[in-house]
Amino acid sequence: MRRAIAAGFCLLLLAACGRSQAQSIEPEDLDDFARNTSLTSREFSFTRESGENRLQIDGYIQDDYRYEAQVLFNGQLVYEEKVIDDTRFLRVENPPLLEPLRTFRLLEQFTPTTLPQVGTLSGLDLQTEDLLATKQWAADPTGAPAEFQSEDAATGTLDALEVWKRVRFLESLPSIIGDEGGRVTEWNPDNANYLPSKDKFPPNDTGRFSDRFVEKFLEDGVRFDVAPDAFDPTATPTGLQDIERFFLYTSVWAKDGWITRVGRAFELPDPEDPAYEDFYEPLRSGTIGEPAKEFLSLLKQTRNRRLYTEFYTFRPPAGDREVVGPEGAVLAVLKPPTPVEGRPSEGPGQVEATATVEAPAP
Amino acid sequence: MAKHFCTLVVMLVFATACSPGAGQARVPSASAGAGEVREDLIPASMLGLDSAPEDVSGPFQEAKDRAYVSSVRMWSLREAERLRATVQVARFMSDASPEKRTFQRSVVAQIGQTAPRERLVGDQVVYVTSANEQAIFMWFENIHLILVSVSADYLAPRTLLRTAVQEINP
């Protein structure tokens with residue numbers, strides 16, 4: 001009984017707080033909030049959970065060309081990097097974790113052939129990989145990712161894209177939110193149709209409302225949910241994005257002109273739901289193309305319909321802070337050499353004269 | 001890269017000519033003589049590159065009457081004889097609105113071959129685009145537009161950009 005009263009009180013409190021914030025934040029504000037946040041120094045954290053594995057990237061963005069981050073896999077530090085203008089610094093703390101991290105990233109991309117087979121685990125040349133195995137800092141004066149870098153151009157476990165994508169994520173938020181009316185709604189647990197079991201990001205993992213939840217809710221701000229496209233049974237998925245389009249759910253939290261948190265959940269529908277028969281039938285019958293078969297492999301590995309959950313959080317820095325290059329970094333080439341089919345790289349890669357060219361976007 | 005000098009100057013001037021909706025702008029007080037970009041705005045050397053003024057009076061005269069710009073100057077940045085970058089500074093007339101984001105976006109959208117992206121460099125918002133194998137960086141400071149164009153084969157474009165943001169103070 002006490003729990004019911006407490007839950008009711010918390011709901012009332014939430015509703016009151018939600019209403020007051022709803023009066024000041026609208027879905028149309030989110031694009032401006034994303035811009036404001038992206039043009040501000042900030043601390044960030046990214047997590048991606050899939051099955052039993054978890055990738056975490058914690059970092060600080062001083063500005064768009066100076067940032068630093070630590071990459072952890074299942075709670076252990078794998079490597080850390082700093083980008084200072086044109087220079088990239090890299091240090092591997094835990095070389096044995098590069099293999100499972102590589103596998104985790106392959107699953108993210110669903111296309112094993114994306115990573116070039118240059119005979120090294122990291123995608124870098126053998127000499128650089130030997131240097132990194134000593135856990136020293138390596139520095140590439142032209143190693144920073146290019147301005148118009150394509151997110152699909154992943155080249156290896158230690159390429160600059162893993163952190164770069166998280167640094168640049170807010171730039172893509174307006175396109176994720178979209179400009180189609182009705183896709184963005186304010187989260188409202190008081191709505192008669194609200195079911196915690198259907199909530200992709202339930203307020204509390206245990207399903208109970210507690211003081212911690214209230215504090216956390218108020219801390220992150222007002223939440224908006226972005227629905228994916230309505231399922232189109234006539235669509236033929238040829239890649240991951242075709243499937244994510246229908247089943248990738250996004251929620252955005254905003255407060256004080258900031259985007260404070262973004263959650264993304266890739267969750268497949270109930271296989272018993274007849275509305276999705278056209279989605280599951282090709283998977284059951286095996287009449288699907290190669291990219292979808294790899295997707296099916298991931299589905300079997302994760303063993304549940306929630307294929308992955310991602311969170312981005314953003315906070316103002318605690319104080320004035322600058323990204324500083326580490327002392328004693330060894331000069332190295334931190335971009336992979338051009339892969340030669342069937343033959344591992346035999347020597348150091350060449351610094352490409354156009355390595356930091358701000359090339360026209362494709 | 002030299003052949004693109006005049007093209008960029010013309011683009012810069014025409015871009016400001018075509019920008020809509022200046023409205024009634026509140027223009028900060030000028031720091032130089034009426035309507036002119038200061039000759040000594042660029043240091044003699046920037047990140048080891050030697051600067052030298054370039055004559056752009058011809059292209060500017062072509063579009064002057066239709067532009068929001070009262071003055072334009074250009075400098076080359078060279079490594080020995082090799083041209084690595086250029087710096088252009090345009091000074092807006094009083095009826096322009098360089099402090100407004102809509103005005104800024106209308107200007108930068110007409111420069112470059114890719115949609116300009118906003119980047120934070122220090123405390124400065126810089127628009128980034130590219131054209132003709134050059135990286136183009138643009139930002140607005142007071143009543144000036146500063147445009148730095150960097151050759152594709154220069155290996156430290158962002159370091160140069162940060163130096164320019166810090167050292168160019170119109």
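Helix α2 (residues 30-38) of chain A lies across six strands, β1 (42-50), β7, β8 (222-226), β9 (248-255), β10 and β11, in this predicted model. Its direction makes an angle of about 110° with β10(A). Helix α6 (residues 169-177) of chain A lies across β1, β7, β8, β9, β10 and β11 too, but runs at about 65° to β10(A).

What do these helices sit on? The strands belong to an open sheet of twelve in chain A, with mixed pairing and the order β7-β8-β9-β10-β11-β1-β2-β3-β4-β5-β6-β12. At the edges are β7 (184-186) and β12 (330-331), each pairing on one side only. Inside the sheet, β10 (residues 258-267) and β11 (residues 306-315) of chain A run antiparallel and share seven bridges. A:E267 has A:R306 in β11(A) as its bridge partner.

Now for the charged side chains. Over all chains there are 32 salt bridges, and here are three of them:

| Salt bridge | N to O distance |
|---|---|
| A:R91 and A:E93 | 2.8 Å |
| B:D153 and B:R82 | 2.4 Å |
| B:R101 and B:E118 | 3.9 Å |

In the chain A pair, A:R91 is buried at 14% relative accessible area, while A:E93 is partly exposed at 27%.

B:D153 sits in the loop between β8 (144-151) and α4 (157-167) of chain B, and its partner B:R82 is in strand β4 (residues 82-92), 71 residues apart. B:D153 is partly exposed at 26%, as is B:R82 at 45%.

B:R101 is in helix α3 (residues 101-108) of chain B and B:E118 is in strand β5 (residues 117-121), so their pairing ties together parts 17 residues apart in sequence. B:R101 is partly exposed at 29%, whereas B:E118 is buried at 18%.

Back in chain A, salt bridges with shared partners join A:E43, A:E68, A:K82 and A:R321 into one network.

Conventions: Residues numbered from 1 in each chain as written. Chains lettered and ligands numbered in written order. Predicted model: local features only at pLDDT ≥ 70, side-chain atom pairs only at ≥ 80, totals over all residues. Heavy atoms only, no water. Pairing = 2+ DSSP bridges. Helix = DSSP H or I, 4+ residues; strand = E, 2+ residues; numbered from the N terminus. Contact = heavy atoms within 4.5 Å. Axes fitted to C-alpha atoms, helices over the stretch in contact; angles between N-to-C directions. Salt bridge = Lys/Arg side-chain N within 4 Å of Asp/Glu carboxyl O. Buried < 20%, exposed > 50% of the residue type's maximum accessible area, 1.4 Å probe, protein only.
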